[in-house]
Amino acid sequence: APTPQSAPVPPPAGAPKPQAAKEEAAVAAAAAAAAAAPAPTPQSAPVPPVAGARAPTTGAELERLWKESRGEQASEEAVIASLDAANLPALLKQSLTADLLVGLTLASLRCCTSSGGGDAHAAAVLGALPNVPRFSMIRMFIVGKDKASLVQAFDAALSAGADVKAVRSAFGV
């Protein structure tokens, strides 16, 4: 026959609760660790690529640079500026991913839009993307929210006067 479990015994009145004492110790330890940690310095932050920097020589190197610059508009534009549009299909070969394709496209379109449609280098990078060997397959893996972002970016670039109709057609958006 099962035995009834005994009810826990409450601590005496005025005694600290064991769980509360553990939580207070954890908070104190975290505060001490935060106070002891050195403040971040500008030298410890990753240095974004600069325009005119050496272009990546492999698809893996481009992907690494892209991930490091993701979300930083100036860094993304510097990566776009460092690319040799004519060499882009050979550079990416089998390295193109949907994330990289969307990122490079959005950044290039942003360059075209912010320059009033006149950024010839960004337009050349855009024009080279459909020539990458895996482009037609990879574009099918672009998810809905990214497709919506591409539609908005292509619309903005076209409104700014950029000649991106052929590239948009290649993307199918």
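Helix 8 spans residues 144-159 and contains 16 residues. In this predicted model, the distance from the first C-alpha of helix 8 to its last is 23 Å, close to the 22 Å expected at 1.5 Å a residue. Five positions of helix 8 are listed as buried, namely D146, L150, A153, F154 and A157. These buried residues lie on the same side of helix 8, because they cover an arc of only 100° around the axis. Such a pattern follows from the geometry of the element: an α-helix has 3.6 residues a turn, so residues three or four places apart point the same way.

The two sides of helix 8 have distinct surroundings. The side that carries the buried residues packs against two other elements, helix 5 (98-114) and helix 9 (165-171). On the other side of helix 8, the residues G144, K145, Q152 and S159 are exposed. Just after helix 8 comes G161, whose phi is positive, at about 100°.

The cysteines were examined next. A search of the whole structure returned zero disulfides. A disulfide is a covalent bond between the sulfur atoms of two cysteines. For C111, the closest cysteine sulfur belongs to C112 and lies 6.9 Å away, which is too far for a bond, given that a disulfide requires the two sulfur atoms to be within 2.5 Å. The same separation applies from the side of C112, whose closest cysteine sulfur is that of C111, at 6.9 Å. Both residues are nevertheless covered: C111 counts as buried at 6% relative accessibility, and C112 is buried with a relative accessible area of 0%.

At the level of the whole chain, the secondary structure consists of nine helices and zero strands. Read from the N terminus, the order of elements is therefore α-α-α-α-α-α-α-α-α. Of the 173 residues in the chain, 29% are buried. Among contacts with a separation of 6 or more, 71% join residues that are 24 or more positions apart in the chain. The exposed area of the chain is about 10,500 Å², and 60% of this area is supplied by carbon and sulfur atoms.

Taken together, helix 8 presents buried residues on one side and exposed residues on the other, with helix 5 and helix 9 as the packing partners of its buried residues.

Notes
Residues numbered from 1 in each chain as written. Predicted model: local features only at pLDDT ≥ 70, side-chain atom pairs only at ≥ 80, totals over all residues. Heavy atoms only, no water. Helix = DSSP H or I, 4+ residues; strand = E, 2+ residues; numbered from the N terminus. Expected span 1.5 Å × (residues − 1). Buried < 20%, exposed > 50% of the residue type's maximum accessible area, 1.4 Å probe, protein only. Arc of directions from axis to C-beta. Contact = heavy atoms within 4.5 Å. Areas by Shrake-Rupley, 256 points an atom, 1.4 Å probe, with all protein chains shown as cover.
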